[in-house]
Amino acid sequence: MKKCICKLIRKLLGIFILANIVIFVIFFFDLDGKLLYNVVEPFMKKHFDNMERRDVLQTPYDMDKFPKYKY
């Protein structure tokens, strides 16, 4: 029983140490920022630059009426 608990503790400690090493490497080399800059940002730019938007300069401006904001 004691050997089983020791093996379990060693495995958990090994997993914990390995996870800390992986997290350290990710943040030391800024891999999360590079992933966002090189993969996520171009996808978001492509998506949001092609969205239809209303032309604000074409809407008439009246003092008494408020425009209806439709997208």
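So, Lys-45 and Glu-41: these two make a salt bridge, and their closest N and O atoms sit 3.6 Å apart. Keep in mind that this is a predicted model. The cut-off for a salt bridge here is 4 Å between a side-chain nitrogen of Lys or Arg and a carboxyl oxygen of Asp or Glu, so 3.6 Å gets the pair in. And how many salt bridges does the structure hold? One.

Where are the two partners? Both are in helix α2, four residues apart, which is about one turn of the helix. If you're new to helices, here's the handy bit: an α-helix has 3.6 residues a turn, so residues three or four places apart point the same way. As for how open they are, Lys-45 is partly exposed, with a relative accessible area of 45%. Glu-41 counts as partly exposed too, at 30%.

Okay, let's stay with α2. This helix runs over residues 31–49. It has 19 residues, and from the first C-alpha to the last it reaches 26 Å, close to the 27 Å you'd expect at 1.5 Å a residue. There is a kink in α2, though. Where does it lie? At Val-40, shortly before the proline Pro-42, and the kink is about 40 degrees.

Right after α2 comes a segment that has Asn-50 in it. The side chain of Asn-50 reaches over to the backbone oxygen of Lys-46, at 3.0 Å. Is Asn-50 buried or exposed? Exposed, with a relative accessible area of 61%.

Now let's go to the other helix. The chain comes to two helices and zero strands, and α1 covers residues 2–28. That's 27 residues, reaching 38 Å from the first C-alpha to the last, close to the expected 39 Å. How many of those residues are buried? Zero, so α1 lies largely in the open.

Between α1 and α2 there's a loop, and Asp-30 is found there. Look at the backbone of Asp-30: just after α1, phi goes positive, about 55 degrees. This is a positive value in a residue other than glycine. Asp-30 is partly exposed, with a relative accessible area of 41%.

Next, cysteines. You might spot Cys-4 and Cys-6 and wonder about a disulfide. How many disulfides does the structure hold? Zero. Why is there no bond for Cys-4? The closest cysteine sulfur, in Cys-6, is 9.4 Å from the sulfur of Cys-4, and that's too far for a bond. For comparison, a disulfide needs the two sulfur atoms within 2.5 Å. From the side of Cys-6 the story reads the same way: the closest cysteine sulfur is in Cys-4, at 9.4 Å, too far. On exposure, Cys-4 counts as exposed at 54% relative accessibility, while Cys-6 is partly exposed at 39%.

Last, let's zoom out to the whole chain. What share of the 71 residues is buried? Buried residues make up 0%. Buried here means under 20% relative accessible area. The accessible surface of the chain comes to about 7800 Å², and 69% of that belongs to carbon and sulfur atoms.

So, to pull it together: two helices and zero strands, one salt bridge, zero disulfides, and a kink at Val-40 in α2.

Definitions and conventions:
Residues numbered from 1 in each chain as written. Predicted model: local features only at pLDDT ≥ 70, side-chain atom pairs only at ≥ 80, totals over all residues. Heavy atoms only, no water. Buried < 20%, exposed > 50% of the residue type's maximum accessible area, 1.4 Å probe, protein only. Polar contact = N/O pair within 3.5 Å; in protein donor to acceptor, adjacent residues only side chain to side chain. Expected span 1.5 Å × (residues − 1). Bend = angle between axes of the 7 residues up to and from the residue. Areas by Shrake-Rupley, 256 points an atom, 1.4 Å probe, with all protein chains shown as cover.
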